[in-house]
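Here's a quick briefing to read with the model open beside you. It goes through the fold, the strand pairing, the empty spaces and a few residues worth a click.

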Amino acid sequence: MKSIKFLAVAGILAGLSINSGVAYAKRNQRDGFNFGTSIRMITNNDRSFADSVSNVDATTKSSSQSYNPFVGYSTGLLNLGLTAHVESTDTTTTEHQKTTGQVIDRQSSSDIKGTSVFGRFLFGKVMFFELGMGIYKQKITVNNEYSNNSGSGSFSGNSTSYTLDTAGPGYHMGGGLELPIADGFFFTTSYLVRIFQLRDISDGSFGNKLAYQQKRELTFGIEHYLN
């Protein structure tokens, strides 16, 4: 009788173990069509004080957000697909020249949009290495306001503004983790290096080189596998 009870309990435990293993394996499966997005947000508030060289007090506030939606197809070892990069940055800078009394208020905004093909090499159950290349476009708008206060009641000022449109090729590479949650959903985190070179396109054609940018990004996001 004791033997029968022991075998019954052992059978139940074995069944639960097998079912939980199958459930985890299914949850951990990284193949088939997949989609998701990652997010990065940064806020800065910097201040510098006048010294014997610059004699300028400056305050800079900036905020930046980027989103990277993607769609791909995975064989379980290699995930190939398309990804977009959408980034916006707003910066406000105030500079006060202590000797002349001049104040410069500068507001700038930068919008970057890019599209890339990418490949992810999947390994170690939850890790991946990613490499991609594509095209990027950036629009920068800058507004400057100059004011002078002599301290004797007189005041003068003027303003300038300009816009730059640029575009060029770029690539990104890095690695990260895809941690299973449930029902094909994964929490993702990655560290990427993004490099692109921009040329002037204000007149509708590629002109002179204007910028070379290299960004290091730590992102977090969500992903879903349709398996």
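Strands here are DSSP runs of E, at least two residues long, numbered from the N terminus. With that in hand, keep in mind that you're looking at a predicted model. The chain comes to one helix and nine strands, and the helix leads off, with the strands following in an unbroken run.

**Overall picture**

- Of the 227 residues in the chain, 30% are buried.
- Take the contacts between residues at least 6 apart in sequence: 63% of them join residues at least 24 apart.

**How the strands pair up**

- β4 (residues 78–97) and β5 (residues 102–123) run antiparallel, with 19 bridges joining them.
- For a landmark on that pairing, look for Asp90, which sits opposite Ser109 in β5.
- The hairpin of β4 and β5 has four residues between the strands, and Gly101 in this hairpin takes a positive phi near 80°.
- β2 is antiparallel to β4 as well, through 12 bridges, and here Ser64 faces Thr89 in β4 as its opposite number.
- β1 and β2 are also an antiparallel pair, with 10 bridges between them.
- On the β1 and β2 pairing, Arg47 stands opposite Thr59 in β2.

**The enclosed space**

- How many cavities of 30 Å³ or more are there? The count comes to one.
- The largest cavity holds about 190 Å³ of space, and among its 23 lining residues, Ser38, Asn68, Arg120, Glu130 and Leu192 come closest to the centre.
- Which strands supply at least two residues each to this lining? They are β1, β4, β5, β6 (127–149), β8 (185–200) and β9.
- β8 gives the largest share of the cavity lining, with five residues.
- By residue type, the cavity lining splits into seven nonpolar, 13 polar and three charged.

**The open space**

- The largest pocket has about 150 Å³ of space.
- At least two lining residues of the largest pocket come from each of β1 (32–48), β2 (56–67), β4 and β9 (209–226).
- If you want to select the pocket lining, pick Arg40, Ile42, Asn44, Ser62, Ser63, Ser64, Glu87, Thr89, Thr91, Lys215, Arg216 and Glu217.
- That lining divides into one nonpolar, six polar and five charged residues.
- Ser64 and Thr89, both in the pocket lining, are also the pair that stand opposite each other where β2 meets β4.

**His172, a buried histidine**

- His172 belongs to strand β7 (residues 155–182).
- Is His172 buried or exposed? Its relative accessible area is 2%, and buried means under 20%, so His172 counts as buried.
- The His172 side chain makes a polar contact of 2.8 Å with the side chain of Glu130; Glu130 is also one of the residues closest to the centre of the largest cavity.
- Setting aside neighbours within four places in sequence, His172 is in contact with Thr83, Ser116, Phe118, Glu130, Leu131, Gly132, Tyr136, Leu192, Val193 and Arg194.
- Leu192, one of those contacts, is likewise among the residues closest to the cavity centre.

**Arg47, out in the open**

- Arg47 is found in β1.
- With a relative accessible area of 58%, Arg47 lies over the 50% mark and is therefore exposed.
- Leaving out residues up to four places away in sequence, Arg47 touches Ala58 and Thr59, and Thr59 is its opposite partner in β2.
- Arg47 and Ala58 are 11 residues apart in sequence, yet their C-alpha atoms are 5.7 Å apart in space.

**Asn55, in a loop**

- Asn55 is placed in the loop between β1 and β2.
- Which side chain does the side chain of Asn55 join in a polar contact of 3.4 Å? The partner is Gln97.
- Not counting residues up to four places away in sequence, Asn55 touches Ala50, His96, Gln97, Lys98 and Thr99.

Definitions and conventions: Residues are numbered from 1 along each chain as its sequence is written. This is a predicted model: local features need pLDDT of at least 70, side-chain atom pairs count only at pLDDT 80 or more; totals for chains, interfaces and linings use all residues. Side-chain values use heavy atoms; hydrogens and water are left out. Two strands pair if DSSP finds at least two bridges between them. On a 1 Å grid over the protein atoms alone, a cavity is a set of points where a 1.4 Å probe fits but cannot get out, and a pocket is an open set with protein on both sides within 12 Å along at least five of seven lines; lining residues have an atom within 4 Å of a point. Grid points are joined across faces, edges and corners, and a volume is the space filled by probe spheres set on the points. Ala, Val, Leu, Ile, Met, Phe, Trp, Tyr, Cys and Pro count as nonpolar, Asp, Glu, Lys and Arg as charged, and the others, Gly among them, as polar. Buried means under 20% relative accessible area, exposed over 50%, partly exposed in between (1.4 Å probe, protein chains only). A polar contact is a pair of N or O atoms within 3.5 Å; within protein, one must be able to donate a hydrogen and the other to accept it, and residues adjacent in sequence count only if both atoms are side-chain atoms. Contact means heavy atoms within 4.5 Å.
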